[in-house]
Amino acid sequence: VGSMKGVMSDVVGKTAASTFFGGLFGGFSTSFLIYVLEERMYITHTANGVLTGVVSCACGCSVFQVETNLVVGMLAGVLYYVTSWLMEKLHIDDVTGSIAIHLSGGLIGTLMVGIFAHPDNVNSLYGTDACGVVYGCAKRWEHLAARFVICIVVILWAAGFAV
């Protein structure tokens, strides 16, 4: 990537690929789910699924392996659809879908770091031995618990400003 060398050039390329694949599979899973459940296609939901996939992968794009973003993006797309459907049923007005995009994408992305953070990526960037639960590091459960705490704090903070 240009004149960058070493770890940072790998991070930039991985970040670009991660956000691309997260968005791609977020849009795909949203479109597929809508087609299966409603037998229709909605371009707005597809676009919002893409955005949700990008949001979900932004949290861990430097510590995920690129292929992990396929899973994270798909989960984010499904969660976007569920969140959007629930908001409609609760009569919460979100014309552009931004609440559903950022709520579901942010939560799933934050939690997935606690599950899929690759130990080599975490160590090369942050110099720690933390990693996601699936890789079996010594501090994996503490890392996941910290992610849950982050989600709770952000929800409470956002709810406090929404009132």
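Buried means under 20% relative accessible area, exposed means over 50%, and partly exposed lies in between, with a 1.4 Å probe and protein chains only. Keep that scale in mind as you click through the structure.

This is a predicted model, in which local features need pLDDT of at least 70, side-chain atom pairs count only at pLDDT 80 or more, and totals for chains, interfaces and linings use all residues. Residues are numbered from 1 along each chain as its sequence is written, and side-chain values use heavy atoms, with hydrogens and water left out.

**Stop 1: the cysteines**

Select C131 and C137 to begin. Their sulfur atoms lie 2.0 Å apart and form a disulfide, a term used here for a pair of cysteine sulfur atoms within 2.5 Å. A disulfide is a covalent bond between the sulfur atoms of two cysteines. The structure holds one disulfide. Turn the view to look along the link of C131 and C137: it is right-handed, with 130° about the S-S bond. Both C131 and C137 are buried.

Now add C61, which takes part in no disulfide; its nearest cysteine sulfur belongs to C57, 8.1 Å away. C61 counts as buried, because its relative accessibility is 11%. Next comes C151. Why does C151 have no bond to the closest cysteine sulfur? That sulfur, in C59, is 8.2 Å from the sulfur of C151, which is too far for a bond. C151 is buried as well, with a relative accessible area of 7%.

**Stop 2: helix α1 and the loop after it**

Helices here are DSSP runs of H or I with at least four residues, and strands are runs of E with at least two, numbered from the N terminus. Helix α1 covers residues 7–38, and S18 lies in it. Select S18: its relative accessibility is 0%, so S18 counts as buried. S18 touches C57, C61, V66 and N69, not counting residues up to four places away in sequence, where contact means heavy atoms within 4.5 Å. Try a distance label too: S18 and G60 are 42 residues apart in sequence, yet 8.8 Å apart in space from C-alpha to C-alpha.

Move on to E39, in the loop between α1 and α2. E39 is exposed, at 66% relative accessibility. Its phi is near 55°, a positive value in a residue other than glycine. Most residues other than glycine have a negative phi, and most peptide bonds are trans.

**Stop 3: helix α2**

Helix α2 spans residues 43–58 and includes T52. Is T52 buried or exposed? T52 is buried, since its relative accessibility is 0%. Leaving aside neighbours within four places in sequence, T52 is in contact with A76, Y80, I101, S104 and G105. Also select H102, which is 50 residues from T52 in sequence and 6.7 Å from T52 in space, C-alpha to C-alpha.

T46 lies in α2 too. With a relative accessible area of 18%, T46 is buried. Apart from neighbours within four places in sequence, T46 is in contact with G27 and S31.

**Stop 4: the nonpolar core**

Select C57, V63, F64, V72, A76, I108, M112, V113, F116, A117, V122 and A130 together: these twelve residues make up the largest nonpolar core. Such a core is a set of buried Ala, Val, Leu, Ile, Met, Phe, Trp, Tyr and Cys residues joined through side-chain atoms within 4.5 Å. Helices α3 and α4 each supply at least two residues of this core, and α4 gives the most, with four. In soluble globular proteins, nonpolar side chains tend to be buried together. Zoom in on M112, which touches F64, V72, L75 and A117 when residues up to four places away in sequence are not counted.

**Stop 5: helix α3 and its loop**

Select T83 in helix α3. T83 counts as buried at 13% relative accessibility. Among residues beyond four places away in sequence, T83 touches A100, L103 and S104.

Follow the chain to H91, in the loop between α3 and α4. H91 is exposed, with a relative accessible area of 72%, and its phi is near 60°, a positive value in a residue other than glycine. The same loop between α3 and α4 holds I92, which counts as partly exposed at 42% relative accessibility.
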